[in-house]
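Let's take a walk through this protein together, one piece at a time. Keep the picture open beside you and follow along as we go.

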Amino acid sequence: MTDPKIHVATSLQAVNATDWNALNVSRNPFLSYPFLVALEQSGSVTPDTGWQPHHLLISTPDQPLLAAIPSYIKQHSYGEYVFDWAWADAYHRYGQPYYPKLLSAIPFTPSVGPRLLTNQPQQLITIAPHIINAVTNLCEREGLSSWHLLFPDQPSLKALTSPALLQRAGCQFHWYNDHFDSFDHFLEQLTSRKRKSIRKERQQIQSQGIGFRHLEGPHITETALDSFYLFYHATYIKRGQQGYLNKAFFRQLIDTMADNLLLIMAEKAGHYVAGALFLKGPQTLYGRYWGCLEEYKQLHFETCYYQGIEYCIEHQIMQFDAGAQGEHKIQRGFRPTPTYSLHWIKNTDFRAPIKQFVEQEAAQVKHYITEATSFLPFKNTN
């Protein structure tokens, strides 16, 4: 194969939507053209917000678009969920610039998925070394301190594993559908104590007079969207922050990829009191955006976890990714699941200590996953 070349698209709108979606063979909703374009067109992802689109397009003379990597030049490390603030601080203390850097990831979305998109997966292993070389050369030319590729799935991780890239480990908690036919069937797999605890939590929701409405795609009304966005934004305000995403982004998702959306709204006395927006892939439900105004007992767990589990069971969805972090998920049947990221560090003086750090961290993460797994509530883990 002729060595592939890399071109940069500073807006996804410069790429043909059909050509891009043809590379997203997994049909991962976060990698779809409508999702990524909505981030840009809504103003959520722009140079002004510290996210400059810098999508990497890989071509050969025979294939104008062989592969692509959604990427951004970053001026900060917000919204990434693989934390490198300590690295940036070390650069700053030694008078070296850490920003700008190149980030290959989905903005504000700590979800595992393909990062090297191609509809010719048999070529991944062949082209990956050429791509790594081309991307690091691009970083050199453009004065970027580093390249970070976050949350790759196993095919992307396997293809891009290289001595040139440091591999970092992490952990999330995902729920897996063992062909359950009902929520009670799922609960039967838990120890008696944990089963009773979950039932008690769900009973508290009923005793507070809270019910739930599932709205999918075109059935997501403007009233529901308005309420959900108020809840979402208020949840950030409570923490003294601003939400990363604006209402125009959510409105555009409803207009352009409605079939991938599930909005679960909690109701009390005829009024919405909380909401959570999920995205749907072929085999995975992704819980991503949540908010409420008033606090109710167990409302977050019910809206974001138990309602999602019930939806997966009813629709035979095999995996539920309910978001980053959250050890409280373990006792609700979410299994510790390893995640990874890859990092190229240009400055060799910093590369060595960062390499030592990620190796030590990986050992800690491995131990943590083993420990966390021992606390799962399933009968066969005790």
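## A walk across the sheet

One thing to know before we set off: this is a predicted model. We'll start at a hairpin, where E11 is joined to E12 through three residues. E11 covers residues 271–280, and it runs antiparallel to E12, with seven bridges joining the two. If you'd like one pair to look for, try alanine 274: its bridge partner in E12 is cysteine 292.

Is E12 mostly covered or mostly open? Take residues 284–292, which make up this strand: nine of the nine are buried, so by the cut-off of under 20% relative accessible area, E12 is mostly covered.

Now look at the other neighbour of E12. That's strand E13, residues 319–321, and here the pairing is parallel, over three bridges. In this pairing, leucine 285 stands opposite phenylalanine 320 of E13. To get from E12 to E13, the chain passes through helix H10 (residues 299–315), and this β-α-β crossover is right-handed.

So what holds neighbouring strands together in a sheet? Strands pair through backbone hydrogen bonds, and they can do that either parallel or antiparallel.

Time to zoom out. How many strands form the open sheet? There are 11 of them, and the pairing is mixed. Reading across, the order is E2-E5-E6-E7-E14-E8-E13-E12-E11-E10-E9. At the edges you'll find E2 (51–53) and E9 (210–216), each of which pairs on one side only. Neighbouring strands in this sheet are turned by 30 degrees against each other on average, if you ignore direction.

Let's begin again from the E2 edge and work inwards. E2 and E5 run antiparallel, joined by three bridges. Here glutamine 52 stands opposite isoleucine 73 in E5. Next in line, E5 pairs with E6, again in the antiparallel sense, this time over four bridges. A pair to find in this step is lysine 74, which stands opposite lysine 101 in E6.

Stay with E6 for a moment, because its four side chains, from residues 101–104, make a nice little exercise in buried positions, under 20% relative accessible area. Which residues point which way? Lys101 and Leu103 point one way, Leu102 and Ser104 point the other way, and all are buried.

On its other side, E6 meets strand E7 (residues 146–150), and these two run parallel, with three bridges between them. Look for leucine 103, which stands opposite histidine 148 in E7. The trip from E6 to E7 goes through helix H4 (residues 124–142), in a β-α-β crossover that is right-handed.

## Stops in the loops

The stretches between strands and helices deserve a visit too. Go to the loop between E5 (71–74) and H3 (85–93), where you'll find tyrosine 78. Tyrosine 78 has 46% relative accessibility, which is why it counts as partly exposed. Together with Phe83 and Trp85, Tyr78 makes a nonpolar surface patch of about 330 Å².

Tyrosine 81 sits in the loop between E5 and H3 as well. Its backbone has something to notice: phi is near 75 degrees, a positive value in a residue other than glycine. Tyrosine 81 has a relative accessible area of 29%, so it is partly exposed.

Phenylalanine 108, in the loop between E6 and H4, is another residue other than glycine with a positive phi, here near 60 degrees. Is phenylalanine 108 buried or exposed? Its relative accessible area is 6%, so it counts as buried.

One more backbone detail is worth a look. Proline 100 lies in the loop between H3 and E6. What kind of peptide bond joins tyrosine 99 and proline 100? It's a cis bond, with omega at about 5 degrees.

Our last stop is serine 374, in the segment after helix H11 (348–373). With a relative accessible area of 40%, serine 374 is partly exposed. Now compare sequence and space: serine 374 and isoleucine 330 are 44 residues apart in sequence, and 9.7 Å apart in space from C-alpha to C-alpha.

Conventions. Residues are numbered from 1 along each chain as its sequence is written. This is a predicted model: local features need pLDDT of at least 70, side-chain atom pairs count only at pLDDT 80 or more; totals for chains, interfaces and linings use all residues. Side-chain values use heavy atoms; hydrogens and water are left out. Buried means under 20% relative accessible area, exposed over 50%, partly exposed in between (1.4 Å probe, protein chains only). Two strands pair if DSSP finds at least two bridges between them. A crossover is right-handed if, with the strands pointing away from the viewer, the path from the first strand over the helix to the second runs clockwise. Patches are made of residues with over 30% relative accessible area and no salt bridge: like charges are joined within 9 Å, nonpolar side chains (Val, Leu, Ile, Met, Phe, Trp, Tyr) within 5 Å. Accessible areas come from the Shrake-Rupley method with a 1.4 Å probe; for residues, only the protein chains shown count as cover. A salt bridge is a side-chain nitrogen of Lys or Arg within 4 Å of a carboxyl oxygen of Asp or Glu. Axes are lines fitted to C-alpha atoms, for helices over the stretch in contact, and angles run from 0 to 180 degrees between N-to-C directions.
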